[in-house]
Every structure is written in structure tokens, then in C-alpha cells.
Amino acid sequence: MDIVQGGGKRLMQDLEKQANGEIEKFSSQAIKQYFKNQTDTAPEILESETRMKVAPYLNLMGYVTFKNGKASLTPESKAAIFEKSRKYLTDTESIKAYEAHVAAAEALNEMFEHIRYHQSIYGLNQYFSIKNDKWQIELLANY
């Protein structure tokens with residue numbers, strides 16, 4: 001919760017204390033000073049990294065209910081999150097692209113039903129190649 005509510009300040013203090021403890025183990029003052037200078041910028045870097053990783057989840061915190069130390073989502077919150085996450089296709093080109101995408105997936109599923117040696121998605125290059133920006137069948141396919 002420190003990262004969400006306190007911006008990670010306690011975590012930063014703990015990490016800084018740990019880093020300083022490790023730095024003090026060096027006998028050379030020059031090495032100690034070098035690493036202390038490095039750690040001066042570490043909190044800003046770590047805070048920025050933490051903020052970037054946590055930010056997408058912070059807007060969901062309003063949907064979370066805390067009770068007896070446990071977090072949960074109400075059915076209404078789940079429905080609201082799903083609605084907020086949906087993407088509605090409204091223009092003709094987007095709808096056509098979606099329908100073509102579905103048709104391509106269905107065609108690939110149909111094709112793989114008839115191929116003895118089921119390949120993973122990474123094996124698609126055994127069946128297809130791209131020439132002149134167009135997909136073509138690969139004649140080396142093992143049916």
C-alpha cells in the first residue's frame with residue numbers, strides 16, 4: 001500500500017538505507033563516495049519507474065473496496081471496469097478490419113484442423129511467406 005498511498009516513500013527509505021549499508025562495507029573512501037554519488041539519483045529514477053508501473057492501476061483503485069484488510073470488487077465495480085475497458089467500433093473501416101481479423105482467425109483454425117503436424121503460431125512461416133507486401137502460401141509446407 002506504500003506505493004499506492006505514499007508514493008513509495010517508505011520503500012525508497014528502506015532501499016536507500018540498504019544501499020548505504022552495502023556502500024559502507026567498502027574500505028576505500030573513493031569507492032564509497034562514487035557509489036554514494038550514484039545513489040543520489042537513484043531515488044528519482046526508482047520513483048519515476050514506480051510511478052510509470054503503478055499509474056495504470058491507480059485509476060482502478062476507486063473500484064476496489066477494502067474490508068478487514070482484504071481488497072475486493074463488487075459486481076457493480078466489475079461491470080464498470082469492463083465497460084470502461086471496452087472498445088466500440090463505430091466507423092466502417094474499423095468494423096471491416098475487425099471482421100477481416102475474425103475471418104482470418106477462423107480460416108487459420110480451419111486450416112490447422114486439416115494439418116497433421118500441428119504447429120504453434122511461431123511455425124506459421126512454414127505455411128506462409130510475404131512477398132511484395134502480400135501474404136502467400138509457402139510451398140515447403142508439410143501437410
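## Ile81 and its surroundings

Setting aside residues within four places in sequence, Ile81 makes contact with Leu60, Tyr63 and Leu73. This comes from a predicted model. Ile81 is part of helix H4, which covers residues 75–85. The relative accessible area of Ile81 is 19%, and the cut-off for a buried residue is under 20%, so Ile81 counts as buried.

One of the contacts can also be described by distance. Tyr63 and Ile81 are separated by 18 residues in sequence, and their C-alpha atoms are 7.8 Å apart in space.

## The chain as a whole

The protein chain contains five helices and four strands. Following the sequence, these elements come in the order α-α-α-β-β-α-α-β-β.

Of the 143 residues in the protein chain, 12% are buried. The chain exposes about 12100 Å², and 57% of that area is supplied by carbon and sulfur atoms. Among contacts with a separation of 6 or more, 22% are between residues 24 or more positions apart.

## The salt bridge

How many salt bridges does a search of the whole structure find? The search finds one. The salt bridge links Glu83 and Arg86, and their closest N and O atoms are 2.8 Å apart. Side chains of opposite charge can pair when their charged atoms come close.

Is Glu83 buried, partly exposed or exposed? Its relative accessibility is 37%, so Glu83 counts as partly exposed.

## A nonpolar patch on the surface

Three residues, Leu89, Ile95 and Tyr98, form a nonpolar patch on the surface. Together they have about 260 Å² of accessible area.

Ile95 belongs to helix H5, which runs over residues 92–113. With a relative accessible area of 31%, Ile95 is partly exposed. A residue must have over 30% relative accessible area to join a patch, so Ile95, at 31%, meets that condition.

## The largest nonpolar core

Which residues make up the largest nonpolar core? There are five: Phe112, Ile115, Leu124, Tyr127 and Phe128.

Met111 lies in helix H5. Leaving out neighbours within four places in sequence, Met111 touches two members of the core, Tyr127 and Phe128. Met111 is not itself listed in that core. A core is built from buried residues, with buried meaning under 20% relative accessible area; Met111 has 23% and is therefore partly exposed.

Phe128 has contacts beyond its sequence neighbours as well. When residues within four places are left aside, Phe128 is in contact with Leu108, Met111, Trp135, Gln136, Ile137 and Glu138.

## An aromatic pair

The count of aromatic pairs comes to one. The pair consists of Phe128 and Trp135, whose ring centres are 6.0 Å apart and whose planes stand at 90 degrees, so the arrangement is edge-to-face.

The two partners can be compared by burial. Phe128 is a member of the largest nonpolar core, and core residues are buried. Trp135 has a relative accessible area of 63%, so Trp135 is exposed.

## Strands E3 and E4 and the loop between them

Ser129 sits in strand E3, residues 128–131. With a relative accessible area of 13%, Ser129 is buried. Apart from residues up to four places away in sequence, Ser129 touches Lys134, Trp135, Gln136, Ile137 and Glu138. Strand E4 covers 134–137, and the contacts of Ser129 include Lys134, Trp135, Gln136 and Ile137.

Where is Asn132 placed? Asn132 is in the loop between E3 and strand E4. Asp133 is in the loop between E3 and E4 too. Asn132 has a positive phi of about 55 degrees although it is not a glycine. Asp133, another residue other than glycine, has a positive phi near 60 degrees.

Are these loop residues buried or exposed? Asn132 has a relative accessibility of 74%, so it counts as exposed. Asp133, at 77%, counts as exposed as well.

Notes. Residues numbered from 1 in each chain as written. Predicted model: local features only at pLDDT ≥ 70, side-chain atom pairs only at ≥ 80, totals over all residues. Heavy atoms only, no water. Patch = residues over 30% accessible without salt bridge, like charges linked within 9 Å, V, L, I, M, F, W, Y side chains within 5 Å. Areas by Shrake-Rupley, 256 points an atom, 1.4 Å probe, with all protein chains shown as cover. Salt bridge = Lys/Arg side-chain N within 4 Å of Asp/Glu carboxyl O. Helix = DSSP H or I, 4+ residues; strand = E, 2+ residues; numbered from the N terminus. Buried < 20%, exposed > 50% of the residue type's maximum accessible area, 1.4 Å probe, protein only. Core = buried A, V, L, I, M, F, W, Y, C linked by side-chain atoms within 4.5 Å. Contact = heavy atoms within 4.5 Å. Phe/Tyr/Trp six-rings, centres within 6.5 Å; stacked < 30°, edge-to-face > 60°.
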